[in-house]
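Dear colleague,

I am passing on the structure we spoke about, placed just below, and after it I set out what turned up when I went through the helices and the sheet. Please read the notes with the structure open beside you.

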Amino acid sequence: MRPVLDIVALRSLIAVADYGGFHRAAAELSLSQSAVSQHVRRLEKSLGHPVVERDGRKTRFTALGAQLLEEARLILGAHDAAVQRLLGEEGATAATVVIGATEHGADQILPALTDAVREVRPDAEVRVRIDRSARLTEAVERGELDLAVYVTEATATEGTSVGDLPLRWYAAPGWQPPATGQLPLVAVNAPCVIRRRALTELAARRMPATVVAEAGYLAGVLDAARAGLGAALLAVPGGQHPDGLAPYRGLPAVPPVRLSALARRGSDPSLTGAAVQAVRALLASRATDRAA
């Protein structure tokens, strides 16, 4: 028989991760520390492998434990959303939910996140923030954001992987690079993962390039590219191209960047699960569209 994962035990596991250990998790759940430990051991017994281990005074998740934690958030999210739908208004809780996303692909990612939040919490007021990945993860850790989707490489903060964001070259319609000299690029100010990807890939192909225009945010990059100042490497989830720009096919393909989601410590698992599933579905559907 396949193992059965206990909902209560999964909730304890998430609390251990969110609150940094068994003692704090027990306090948050109003349980004894031994009860939380028993819940985790129950999961380990079901799977036949350890999911957490001691690292000095800290608790560290094993590789299987990290995978289980990701699945636990999705399972609890689906479970809590189902309970709320069954209870209707009785189970609803009105509140403000603040979500964030990196600029790259935000025009498609934010609507998916917003719809997911409203499905789980129909009475909630949803607010959004668009920012750089490092600032988003810092805001989540400070408790200013309930959840953020960000470029994984841009921060050392570990989140839940949600999929790949494709990268393509764009330029003003009819734009051509100069016949001699370095290839002109427009990009976001350093540090920027996509800027670094562009320069690294071109250097590997021995194609000299230089950033001739840079901006603090994506809007400035788009304006500079539309003005014909250079080519831009952009993240575009679907088949819709940025207004005023056209794909430029004279440059080498660049591998996609990975996106992750990070939830505020102690946030509602139903929100986290719904948001992760929504972004994964969006990116997967866009990948299918491109393949077709």
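Helix 1 crosses helix 3 in a left-handed sense, and in this predicted model the two helices pack at an angle of about 110°, with their axes 8 Å apart. Since angles from 65 to 115 degrees count as roughly perpendicular, helix 1 is therefore roughly perpendicular to helix 3. On the side of helix 1 the contact is made by Val8, Ala9, Leu10, Ser12, Leu13 and Val16, which meet Val36, His39, Val40 and Leu43 of helix 3. Sorted by class, the residues of this contact are eight nonpolar and two polar, with no charged residue.

Helix 1 (residues 7-19) also packs with helix 4 (residues 63-87), here at an angle of about 125° and with the axes 9 Å apart, which means that helix 1 is oblique to helix 4. This crossing, too, is left-handed. Helix 1 contributes Ile7, Leu10, Arg11, Leu13, Ile14, Ala17 and Asp18 to the contact, while helix 4 contributes Leu68, Leu69, Ala72, Arg73, Ile75, Leu76, His79 and Asp80. In this contact of helix 1 with helix 4 there are 10 nonpolar residues, one polar residue and four charged ones. Leu10 and Leu13 of helix 1 appear in the contact with helix 3 and again in the contact with helix 4.

Turning to the strands, there is an open sheet of five, in the order 4-3-5-12-6 and with mixed pairing. Its edges are strand 4 (125-131) and strand 6 (160-165), each of which pairs on one side only, and from one strand to the next the twist averages 20°. Within the sheet, strand 5 (residues 147-151) and strand 12 (residues 257-263) pair in the antiparallel sense over five bridges, and Ala148 stands opposite Leu262 of strand 12. Helix 6 (residues 133-141) packs on this sheet, where it touches strand 3 (96-102), strand 4, strand 5 and strand 12, and its direction makes about 155° with that of strand 5.

As to confidence, the protein chain averages a pLDDT of 84, and 93% of the residues score at least 70. Among the elements of the chain, the highest mean pLDDT, 94, belongs to strand 8 (residues 183-188), whereas the lowest, 76, belongs to helix 9 (residues 269-291).

With best regards

Technical notes
Residues are numbered from 1 along each chain as its sequence is written. This is a predicted model: local features need pLDDT of at least 70, side-chain atom pairs count only at pLDDT 80 or more; totals for chains, interfaces and linings use all residues. Side-chain values use heavy atoms; hydrogens and water are left out. Axes are lines fitted to C-alpha atoms, for helices over the stretch in contact, and angles run from 0 to 180 degrees between N-to-C directions. Helices (H or I, at least four residues) and strands (E, at least two) are DSSP runs, numbered from the N terminus. Angles under 35 degrees count as roughly parallel, over 145 as roughly antiparallel, 65 to 115 as roughly perpendicular and the rest as oblique. A crossing is left-handed if the near helix is turned anticlockwise from the far one by less than a right angle, and right-handed if clockwise. Contact means heavy atoms within 4.5 Å. Ala, Val, Leu, Ile, Met, Phe, Trp, Tyr, Cys and Pro count as nonpolar, Asp, Glu, Lys and Arg as charged, and the others, Gly among them, as polar. pLDDT is the predictor's confidence in each residue, from 0 to 100. Two strands pair if DSSP finds at least two bridges between them.
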